[in-house]
Amino acid sequence: MSLLINNSHGRLAARLTPWDERALGFVTAEVTHLQVDHPGQATALLAELEQWCATQSVHYLFGRIDATHTAAKAALLQHGYAFVETSLTVSRSGFANLPPVPRGMLPTLRAATVDDIAALRHIATTDFAHGRFLEDPAIDPQRAALRTANWIEDLVNAGLAQVAESRGRTIGFHAERVAADHSNCELLLTGATGPYAMLALPLWITALESLAARSIPQCTTLVSAANTGILNLYARLGFHFNTTLSGFRKFL
């Protein structure tokens, strides 16, 4: 179920997110687009949005907007929305000149199966600390972690996840979505488990080299601005930081 408003006041789009509801325990919805030229233009848009939310029994409404769009940010603050996290869009074009890593340290990637789900859910639950729900102090941490675990299971079932292995041991996972025309790859969720954190850089290099081997020219992803470790890793890997997004939410 989705909502689209496009009129003289501006443009707003939203959708229900049942995959988040499954973990958080209440109905959730995401604002996927908000465009206004002046804060006052948002009043009618947000009123219609919240009316739609009421008909759908939405309890938690969230979204992200470009951090440079001050009119939209001002409007959200004026209508009781709170900003709870910041994230960055990053990208890399071409995969030459990756940092040197001894070949013996590079993990291997294989397609994840249902037999891997329990191990991957455990990694997602215990080793991920960043993301819009994990960084929202109003969300129960256990439910936020459950949402991440559910996400990796959904990615496995969709055939988008891979298991990272080193010397026969599972050290993490990598999930990606390649565009139908192979023009881009969206990096969805990647990470090494705590005991193998030293293999994080080799894991990302393995994933990027796999893209190069398939002649995919570029990749994009979204990362929490609070996750300084991964930001440093992306900088070392030659990624470009493109856009800053402000994450907001409101309980209804």
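Which residues are linked with Arg15 in a network of salt bridges? They are Glu30 and Arg132. A salt bridge here is a side-chain nitrogen of Lys or Arg within 4 Å of a carboxyl oxygen of Asp or Glu.

Before going on, a word on what you are looking at. This is a predicted model, in which local features need pLDDT of at least 70 and side-chain atom pairs count only at pLDDT 80 or more, while totals for chains, interfaces and linings use all residues. Residues are numbered from 1 along each chain as its sequence is written, and side-chain values use heavy atoms, with hydrogens and water left out.

## The whole chain

Let's start with the overall picture. The chain has seven helices and 11 strands; helices (H or I, at least four residues) and strands (E, at least two) are DSSP runs, numbered from the N terminus. Its C-alpha trace spans about 60 × 35 × 30 Å along the principal axes. The radius of gyration is 19 Å, which agrees with the value near 18 Å for a compact globule of 252 residues. That radius is taken over C-alpha atoms, and the globule rule is 2.2 Å times the number of residues to the power 0.38.

Of the 252 residues, 48% are buried. Buried means under 20% relative accessible area, exposed means over 50%, and partly exposed lies in between (1.4 Å probe, protein chains only). Among contacts between residues at least 6 apart in sequence, 72% join residues at least 24 apart; a contact means heavy atoms within 4.5 Å.

## Salt bridges across the sequence

The count of salt bridges comes to 13. Here are three of them.

| Pair | N to O distance |
|---|---|
| Arginine 147 and aspartate 20 | 2.6 Å |
| Glutamate 50 and lysine 250 | 3.0 Å |
| Aspartate 136 and arginine 249 | 2.8 Å |

In the salt bridge of arginine 147 with aspartate 20, the partners are 127 residues apart, in helix 5 and helix 1 (residues 18–24) respectively. Arginine 147 counts as buried because its relative accessibility is 17%, and aspartate 20 is buried with a relative accessible area of 1%.

For the salt bridge between glutamate 50 and lysine 250, the partners lie in helix 2 and in strand 11 (residues 240–251), so the pair ties together parts that are 200 residues apart in sequence. Glutamate 50 counts as partly exposed at 24% relative accessibility, whereas lysine 250 counts as buried at 15%.

Aspartate 136 and arginine 249 also form a salt bridge. Aspartate 136 is in the loop between helix 4 and helix 5 and arginine 249 is in strand 11, so this pair ties together parts 113 residues apart in sequence. Both of these residues are buried.

## A buried charge without a salt bridge

Glutamate 135 also sits in the loop between helix 4 and helix 5. What is the nearest side chain of opposite charge to glutamate 135? It is arginine 64, 7.4 Å away, and glutamate 135 is buried yet has no salt bridge. For charges, Lys and Arg count as positive and Asp and Glu as negative; His and the chain ends are not counted.

Glutamate 135 does have a polar contact of 2.5 Å with the side chain of serine 224. A polar contact is a pair of N or O atoms within 3.5 Å; within protein, one must be able to donate a hydrogen and the other to accept it, and residues adjacent in sequence count only if both atoms are side-chain atoms. Leaving out residues up to four places away in sequence, glutamate 135 touches several residues, including Val84, His130 and Ala226.

## The two sides of helix 4

Helix 4 covers residues 117–127, and Ile117, Leu120, Ile123 and Ala124 are buried there. Seen down the helix axis, the buried residues fall within an arc of 130 degrees, so they line one face of the helix. The arc is that of the directions from the helix axis to the C-beta atoms. These buried residues pack against helix 5 (141–157), strand 7 (161–166) and strand 8 (169–178). On the other side of helix 4, Ala118 and His122 are exposed.

## Two loop residues with positive phi

Most residues other than glycine have a negative phi. Asparagine 97 has a positive phi of about 60 degrees and lies in the loop between strand 5 (82–93) and strand 6 (108–111). Arginine 167 has a positive phi near 55 degrees, and its place is in the loop between strand 7 and strand 8. Asparagine 97 is exposed, with a relative accessible area of 76%, and arginine 167 counts as exposed at 73% relative accessibility.
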